[in-house]
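Let's take a look at the aromatic rings in this one. Grab the viewer and follow along.

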Amino acid sequence: MDLFTTQQGINDVLLRWIHIGAGITWIGLLYYFNFVQAPFMNEVEPEVKGAATRRLVPRALLWFRYAALLTFLAGATIIIIKIAESGVDLLGGTYGTLILAGMILGTIMFLNVWGVIWPKQKIVIASAEATATGGQADPATADSARRALLASRTNVLFSLPMLFFMISAAHGSNLFGEATTGAKTIFWVVFAVLTAGIELNSLAGLTGGLKKPLEKVGTVLWSGVALLAVFLILLIVLWEA
């Protein structure tokens with residue numbers, strides 16, 4: 001079958017199917033954690049929260065982190081093959097700009113999962129296991145839970161422009177035309193400053209006024225919409241330059 005024996009079948013169908021399927025699982029669980037589980041944990045009794053932390057959360061996190069890993073690896077493989085086959089310039093045309101922006105946001109989100117959310121959640125889960133058997137809670141639990149929350153909320157914020165860039169690269173890059181080198185430079189400077197600022201705000205410390213918008217899901221969603229709007233306006237204005 002050409003699906004399994006040709007490069008087009010492997011890259012354009014099988015790898016994309018894996019990438020999209022794993023991505024749906026990853027982002028779906030991200031939204032579950034933020035829109036469903038987090039409010040539930042804030043409302044239930046301590047014993048219910050403890051039982052959920054010990055039994056439900058580890059299962060959800062298992063699917064969550066490995067879906068993120070599979071999404072990242074499949075996406076990286078797709079773009080490597082595409083560069084090797086057709087010489088896609090990630091810093092050149094409009095497709096390259098859109099897909100690279102999506103890749104950067106997706107990579108940051110992936111690193112947040114494996115570098116922040118999962119390590120911090122392991123501390124929270126271990127502490128819940130200890131207290132369930134009569135032991136002492138880990139004093140680092142509150143700090144770890146908050147850092148995991150901030151990273152998770154930040155991933156929700158990034159997910160909106162990330163999905164836009166990924167979808168637009170494959171299905172709408174021709175709508176933006178082309179831009180000058182100077183226009184692209186402006187886009188990337190603004191993109192880098194905003195993206196780095198939001199990520200550093202999540203990682204650096206636990207307090208501060210700029211972290212308060214991450215406390216509420218509604219604010220995070222509107223922040224994601226605002227970030228997407230900024231990027232979209234830049235594309236519309238600069239790609240007409």
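## Ground rules

Buried here means under 20% relative accessible area, exposed means over 50%, and partly exposed is in between (1.4 Å probe, protein chains only). This is a predicted model, where local features need pLDDT of at least 70, side-chain atom pairs count only at pLDDT 80 or more, and totals for chains, interfaces and linings use all residues. Residues are numbered from 1 along each chain as its sequence is written, and side-chain values use heavy atoms, with hydrogens and water left out.

## A buried pair across two helices

By that yardstick, Phe 191 is buried at 2% relative accessibility, and Phe 165 is buried too, at 0%.

How many aromatic pairs does a search of the whole structure find? It turns up 15, counting rings of Phe, Tyr and Trp (its six-membered ring) whose centres lie within 6.5 Å; planes under 30 degrees apart are stacked, over 60 edge-to-face and the rest tilted. One stacked case is Tyr 31 with Phe 35, at 5.2 Å centre to centre and 15 degrees between the planes. Phe 165 and Phe 191 go edge-to-face instead, at 6.2 Å and 70 degrees. Phe 165 sits in helix α5 (residues 141-171) and Phe 191 in helix α6 (residues 181-203), so their pair ties together parts 26 residues apart in sequence. Helices are DSSP runs (H or I, at least four residues), numbered from the N terminus.

## The wider cluster

Ring pairs also join Phe 165 and Phe 191 into a cluster with Phe 164, Phe 187, Trp 188, Phe 231 and Trp 239.

Technical notes:
Helices (H or I, at least four residues) and strands (E, at least two) are DSSP runs, numbered from the N terminus.
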